[in-house]
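Visitor: I would like a close look at one part of this model, the sheet of one chain and what surrounds it. Could you take me through that part slowly?

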Amino acid sequence: MTTPRQPLMQVNDISKMYGGRVGCRNVDFDLYSGEVLGIVGESGSGKTTLLNCLSARLEPTSGSVKYRDRTGDIINIYQAPESRRRMLTRTDWGIVHQNPRDGLRMRVSAGANVGERLMAVGERHYGGIRETATDWLDRVEISDDRIDDKPITFSGGMQQRLQIARNLVSGPRLVFMDEPTGGLDVSVQARLLDLLRRLVTDLGLSAIIVTHDLAVVRLLAHRLIVMRQGEVVEHGLTDQVLDDPQHPYTQLLVSSVLQP
Amino acid sequence: MTDPVLRVEDLYKTFTLHNQGGVTLPVLRGIDLAVHAGECVVLHGPSGAGKSSLLRSLYANYLPQRGSIHIRSDDEWIDLVTAEPHQILELRKHTLGYVSQFLRVIPRVPTLDIVSEPLRNLGVTPEQAEEKARTLLSRLRIPEAMWSLAPATFSGGEQQRVNIAHGFSVDYPVLLLDEPTASLDAENRQTVVDLILEAKTRGAAIVGIFHDAEVREQVADRVFSMQAYKDAA
């Protein structure tokens with residue numbers, strides 16, 4: 001509290017239009033280091049559009065995304081040269097897709113999926129790469145006798161854990177996740193949530209997580225953005241937004257959750 | 001007397017139920033309260049008087065419409081009503097502790113990890129954090145065999161004691177307690193009283209709700225009557 005902190009990411013009035021249709025509109029927020037931000041809303045509310053704009057995969061129609069890198073330099077994502085952006089996404093960021101097939105190479109081994117990320121950031125020593133890969137597979141609870149198997153032989157939950165290992169092995173500071181627990185059984189979800197929670201705390205990661213599952217953000221996110229029809233209708237501390245929702249849409253969303 | 005560490009001024013909280021015809025429920029109307037270091041203030045009043053709503057507002061779990069809740073952290077005053085989320089998170093980490101009525105169970109996380117987590121988040125070494133967690137769990141009579149288990153299957157009283165251990169792991173300067181003794185037997189109730197008295201001795205400012213008159217008499221320096229506010233409004 002005595003040291004005024006600089007935001008890790010500053011999102012300034014982002015809008016993305018698809019022709020005349022709104023993807024997302026006038027989104028503004030700061031993300032601080034070590035914070036996990038949840039973006040919730042129903043299908044079609046613009047969550048994924050926003051995530052893609054933030055993670056340098058979809059240029060917004062207007063507005064800016066600024067990121068502070070390891071050296072303290074502020075990079076204006078969509079103004080920066082392509083090479084700088086590419087370096088950033090490789091060294092500082094990770095992206096965990098909802099569908100592991102979008103984030104993994106399905107026809108190379110699990111070990112290679114993790115190892116090639118290390119090679120991309122300049123690691124060359126084969127023994128070291130294999131050792132680090134094995135260590136990471138262990139951290140995401142994939143036993144080491146599966147290291148030479150291809151991800152197509154893995155279950156959905158294992159594929160998702162492998163995708164997380166592939167993303168975290170290169171030591172990113174910010175991870176983007178799109179419905180990381182979507183499509184998984186509840187028992188597998190719980191295991192994955194616990195794993196993510198531990199990794200985020202232990203590594204001091206920042207993360208932006210898109211989900212429609214309020215229980216997921218309750219467990220993982222410090223702060224919440226609620227989106228509806230492309231706009232942010234509510235923004236605040238996770239437990240405050242969920243326990244004392246102010247906006248009619250958030251109240252509807254929270255009261256619609258089925259309690260098992 | 002020392003300066004207060006918690007200062008509530010003219011606090012108003014109303015719930016608006018937008019999806020139920022826009023009904024408004026005023027729960028807090030013009031609350032003023034100051035709590036000093038080493039002092040325990042007990043909120044008192046019938047069910048529905050707004051005790052829990054006030055306590056939750058003091059943790060920034062509820063968002064009041066008007067007024068201020070200032071909490072001193074080091075030499076800085078932060079107003080929970082207007083603070084940014086990252087300031088509140090920082091405050092909750094170092095300054096502001098809260099024991100809720102029920103443990104929110106996290107799937108698969110062992111008891112010892114739950115209790116030591118607040119200290120680990122402060123940067124205390126895992127060994128020291130676990131040491132403190134062990135001490136608290138022992139004092140609260142959670143058998144050692146259960147420490148490595150997730151509390152999902154524990155009894156209500158056991159979960160509540162895990163929750164108390166979690167809340168007392170860090171020596172927070174401000175501590176909020178929502179009926180921490182509700183589902184406990186006499187022996188454990190006394191342990192919680194001891195923990196509260198120790199926290200007062202080290203200078204914690206405490207605001208709590210205690211239905212048990214015996215507990216209330218042992219810990220309270222002052223009773224803050226909520227009914228009076230409602231009548232006066």
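Guide: Happy to; we begin at the sheet in chain B, go on to its helices, and end with a helix pair in each chain and the contact between the chains. Please keep in mind that this is a predicted model.

Let's start with the strands. In chain B, five of them make up an open sheet, and their order is S6-S7-S8-S3-S9, with parallel pairing. The edges are held by strand S6 (96–99) and strand S9 (222–225) of chain B; each has a single partner strand, so one side of each has no neighbour in the sheet. Going from one strand to the next, the twist averages 20°.

Now zoom in on one pairing. Strand S3 (residues 40–44) of chain B runs in the parallel sense with strand S8 (residues 205–209) of chain B, and three bridges link them. One residue to click on is B:Cys40, whose bridge partner in S8(B) is B:Ile206. Helix H1 (residues 51–58) of chain B packs on the sheet, where S3, strand S7 (174–178) and S8 of chain B are touched, and the direction of H1 makes about 145° with that of S8(B). Helix H6 (residues 186–201) of chain B also packs on the sheet and touches S3, S7 and S8 of chain B, with its direction at about 150° to that of S8(B).

Next come two other helices of chain B. The axes of helix H3 (residues 111–121) and helix H5 (residues 156–168) of chain B come within 7 Å and cross at roughly 30°. With that angle, H3(B) is roughly parallel to H5(B). From H3(B), B:Thr111, B:Ile114, B:Val115 and B:Pro118 meet B:Val162, B:Ala165 and B:His166 of H5(B). This contact contains five nonpolar and two polar residues, and no charged ones.

Chain A offers a helix pair to set beside this. Helix H4 (residues 110–120) and helix H6 (residues 156–168) of chain A have axes that come within 7 Å and cross at roughly 25°. H4(A) and H6(A) are therefore roughly parallel, and their crossing is right-handed. Here A:Ala110, A:Asn113, A:Val114 and A:Arg117 of H4(A) meet A:Leu162, A:Ala165 and A:Arg166 of H6(A). By class, four residues of this contact are nonpolar, one is polar and two are charged.

Finally, the chains themselves touch: 18 residues of chain B are in contact with 22 residues of chain A. On the chain B side, helix H2 (residues 85–94) of chain B gives the most, with five residues. That side of chain B has nine nonpolar, five polar and four charged residues.

Technical notes. Residues numbered from 1 in each chain as written. Chains lettered and ligands numbered in written order. Predicted model: local features only at pLDDT ≥ 70, side-chain atom pairs only at ≥ 80, totals over all residues. Axes fitted to C-alpha atoms, helices over the stretch in contact; angles between N-to-C directions. Helix = DSSP H or I, 4+ residues; strand = E, 2+ residues; numbered from the N terminus. Parallel < 35°, antiparallel > 145°, perpendicular 65-115°, else oblique. Contact = placed C-beta atoms within 7 Å. Nonpolar A, V, L, I, M, F, W, Y, C, P; charged D, E, K, R; others polar. Left-handed = near helix turned anticlockwise from the far one by under 90°. Pairing = 2+ DSSP bridges.
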